[in-house]
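Biologist: Please take a close look at one part of the surface of this predicted model, and then turn to the interior.

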Amino acid sequence: MPRKNDEQHLRRLIAFFSALIILAILANLVFSLTQSRWNVLTERGNTAQKLVQVLEEQTSGSINAVELALQAITKSLQLLPAQSPDRKRMVQEIMEGNIRNLPFVRAIWVLDSEGNMIHDSQQLPGRYNLSDREYFRLHRDNPAHGLYIDRPILSKLGVWFIAISTRISRPDGSFGGVVVAAFEPKYLERFYESIKIGKDGVVTLLGIDGTLMLRVPLMEGVYGEKLNPLPKFIQMLPSANAGSYQSKSSIDAVERMYFYRRVTGRPLVVAVGIGENEALAAWRSFAQSHVVASLAFVLVIAMLTYLTLHEVNKRAALHRALRERESALAHAQQLAYIGSWRMELKTMAVQWSLEMYRLLGIDAVNVSPTLAKFLMFFHPEDRQAIERSVQDGRAWSGELRSDPALGPLRHFHAYGTEIRDAGGNVTALAGTLQEVTERRRSDEKLHLAARVFEHTRDGIIITDAENNIVAVNAAFERITGYREAEVLGNNPRMLHSDRHDAAFHRALWDSLQKTGQWRGEIWNRRKNGEIYPEWLIVSAIRDAQNRATGYVGVFTDLSEIKEANEQLEFLINHDPLTRLPNRSLLKDRLQQAIDAAQVNHHQVALLLLNIDRLQRINDSIGHDAGDALLQEMARRLLANVQAGDTLARMGSDEFVLVLTHFENTDDIITRAMRLLDTVAAPCVISSHALTVTASIGIAIYPDDAIKPGDLLRNADAALSHVKQAGRNGFRFFTAEMNARALHLVSLEHQLRSALARNELSLHYQPQVCLKDSRICGAEALIRWNTAELGMISPADFIPMAEDTGLIVAIGEWAIRTACSQNKAWQDAGLPPLAVAVNVSMHQITAGTLPDIIRDALQQSDLAPHCLEIELTESVLMHETEMAMRQIAELRQMGVKVSLDDFGTGYSSLAYLSRFSFDKLKIDQCFVRNIMTDHKSAAIAHATIALAHGLDIIVIAEGVETKEQLEYLRGGRCDEIQGFLVSPPVPARELAAFLAKSAGISSLSKTNIE
């Protein structure tokens, strides 16, 4: 293909250069002819332009002479007395004198104001009135018109003349007549004829409106007529008084080049026309000879090109024949993956076939074959044999490996032979190179197949067409216990376990005959008599005629897999920690119990048991201890389970007991109390003595529900009531609990869209400083008012928001709303005060509280010290490190932080030592009983003293009586809030309250209204 492309390229190159030479000759011919033609036309044009200029000057001079004669006659008429007897004679002498001086003027006459001829140089007999002449009317009607040149007129004597006239004005300026000179064109005609412009040449005098005044050569019947079509110079005159154009004459239809020039100051144009054919006659003769010479030269080049291409084609045919033979050889080498080579030992010149290039992966176009390139392709360890063969000039054959650095390892068989000259001397080496990589791979695959056959974990059995065993592998021996020698020649039915009937084996063989394969699970018998399951795949081996020549069976021992599946099945349906049934198996068991109860018309009780405060154990002594406790509880509870009952673990700290055998509710109560006592018994976990309690919710089929899911849900509702009542007890499900649960579900659904519906609002409860009785702050409390349910208690929706995670979005809304409202109060002129906002554990866990507060302060432009964040001890207990970092960041911003519900948690003193608080709030449970319970009073006093010792402000909430106020004042409490001051009120009411704060500040220290 490259050789063919080269031949085509050569032919195209020869044709291209021949065409290029021919084009150059033709281009030169065109250029020379065009240039010479342009030169001829330019030369004739220059001559014509000079002639036009001479003719224009001659014509202009003649007309100017006539004008001077007419002006002289007009002046004489004005000066001669009208009544002088010699007037007529004198005028006659003047006219005759001018005619003698102007040979081109035939006659002169004078008309009076009426058009009567009063003077005539020819003294014609009779009287003439020429008032109908155009020149008379023109001068009469246009006093300002100067010399007028009329179109040619044929006189009665058969002579053409042009009337040139001028006006006679009286001394008062009125029209006195016309002086007219008869200008003979033949005078100019003789002058025009003296100019030699060729037989097709023409000289014309025309009016600027296209009227023909004079033409040389003369053409009868056209004088005084407007040419049609009009000459082109009429369109050109406004911008050019001289020029040229090419046009066909409307008189004699001869194509001419016209050169025109306007007579200075006159409405006349002189034009000279040169016949194009006559002007180019000499050029055409030159062009004809030049074209003939050029075409002859082109013909010679074309002939040479033809002879050259013919020779090239002849050689190309010889090359094609050679290439076809080479291609056949190369194709044969390619089919056999054999490349050929030859190397001259004297010059070390190397020749490769195309297949050699392909085998070595070398570009045949850009790379010249050398011994070095040949050696570089092969493994360094194999190169020495080739080099020795070349050095010694002897034949060599063997296998070669490719260089691993060049890619995947390939294998070749090389053969070299000696080529000798007439004297028997070795002058060259020639040989072949054949790739045998695929053959080596096939051999390796066969070897690998044999190794796989022997070492695979699956048993393999091969039989002949009569189903006699001809080979087995080691895995077969290991699985069945039979040695190969014991089974060779036998039928595989010796392994049958008798678990499958004859129909099963017929179906197996039918599948083999129809599809060539069968696969499935089968039970066979080992040599020791043990029956085991196996997964068997049997395939038929067929020859080229599709006849079965044998069968191959591959089987996997499923014994271990079966055991693993049984274990997996157990794990799927059981809790891995306690090994009790899980939720999935519980539902199945519960449904079975309900189905049986429905048939036998008895009841089923479901006891949902929760280990109280398991999380506290996980947090304090670790999750491993918690897991050990759950295992201990499972063991104890399982000991109380009777036959037919089911104990399951639902997950985390919940267990479920399904009772199917009981007489009445008293039996259920007895079992529940026994379970509570079992859980409450002390136990030792990880060297820790622990005592835990349990809470139980009970639902009964069919009284409380008839579906497993409903029973679980109702038992969970009862369990929730136990937890709310203080835990460590049990409770039966009631319809009121279900209604409460449905109410909570509806409440949760509406709470999710409360923010979007703008149903949430903030109420504010003022805080009073006991030192000066002024309002020093307010606590923002969330209120929810729905269109369907009305005002919802915070005790209902705040825990729900905590459980569902909605408290994060609601809490952020409360922070932003409180900041905006506080800033609005200050902008309205109310005194600044700090507004406290409660923060949930979920907001601390999110880790974004400082960013939210920073953004809220920036958006509202509120000073940081006007915002206070309230945290409970439960928040600090669950997220200690995260809370510590965020509290530090808030205090660094200038935001106040207070600890709410102090004294109701578990580690209050530890938190006071680790966290920096601005304010500590005494919970209302202590304030409520401060006057009646000495323990509550002692706690309040201790809290105040502790806070003051740490420089923390103390505020008491829930103050409702004057006695409580006085007691707290006496105990040096700093601030109070409660209904005694004001209940939580909307923002507008608190604004009014703040506006009247002067009245509050004037109250005595023993009286706050």
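Modeller: A helix is here a DSSP run of H or I with at least four residues, and helices are numbered from the N terminus. Helix 7 spans residues 281-336, and Met-303 belongs to this run. Because the relative accessibility of Met-303 is 47%, and partly exposed covers the range between 20% and 50%, this residue is classed as partly exposed. Together with Val-300, Leu-304, Tyr-306 and Leu-307, Met-303 forms a nonpolar patch of about 520 Å² on the surface.

The interior may now be considered. Searching the whole structure yields four cavities of 30 Å³ or more. In the largest, the volume is about 220 Å³. Its lining comprises 18 residues, and those nearest the centre are Trp-341, Leu-371, Phe-374, Ile-386 and Val-390. Two or more lining residues come from each of strand 11 (338-344), strand 12 (350-352), helix 9 (371-376), helix 10 (383-392), strand 14 (411-420) and strand 15 (426-435). Sorted by class, this lining holds 13 nonpolar, four polar and one charged residues.

The second largest cavity contains about 70 Å³ of space. Around it stand Ile-63, Ile-149, Ile-162, Ile-164, Phe-183, Pro-185, Leu-188, Leu-205, Met-213 and Leu-268. At least two of the residues in this lining are supplied by strand 4 (160-169), and at least two by helix 4 (185-193). The lining of the second largest cavity has ten nonpolar residues, with no polar and no charged ones, whereas that of the largest cavity includes four polar residues and one charged residue.

Conventions
Residues numbered from 1 in each chain as written. Predicted model: local features only at pLDDT ≥ 70, side-chain atom pairs only at ≥ 80, totals over all residues. Heavy atoms only, no water. Patch = residues over 30% accessible without salt bridge, like charges linked within 9 Å, V, L, I, M, F, W, Y side chains within 5 Å. Areas by Shrake-Rupley, 256 points an atom, 1.4 Å probe, with all protein chains shown as cover. Salt bridge = Lys/Arg side-chain N within 4 Å of Asp/Glu carboxyl O. Buried < 20%, exposed > 50% of the residue type's maximum accessible area, 1.4 Å probe, protein only. 1 Å grid on protein atoms, 1.4 Å probe; cavity = no way out; pocket = protein on both sides within 12 Å on 5 of 7 lines; lining within 4 Å. Points joined across faces, edges and corners; volume = space filled by probe spheres on them. Nonpolar A, V, L, I, M, F, W, Y, C, P; charged D, E, K, R; others polar.
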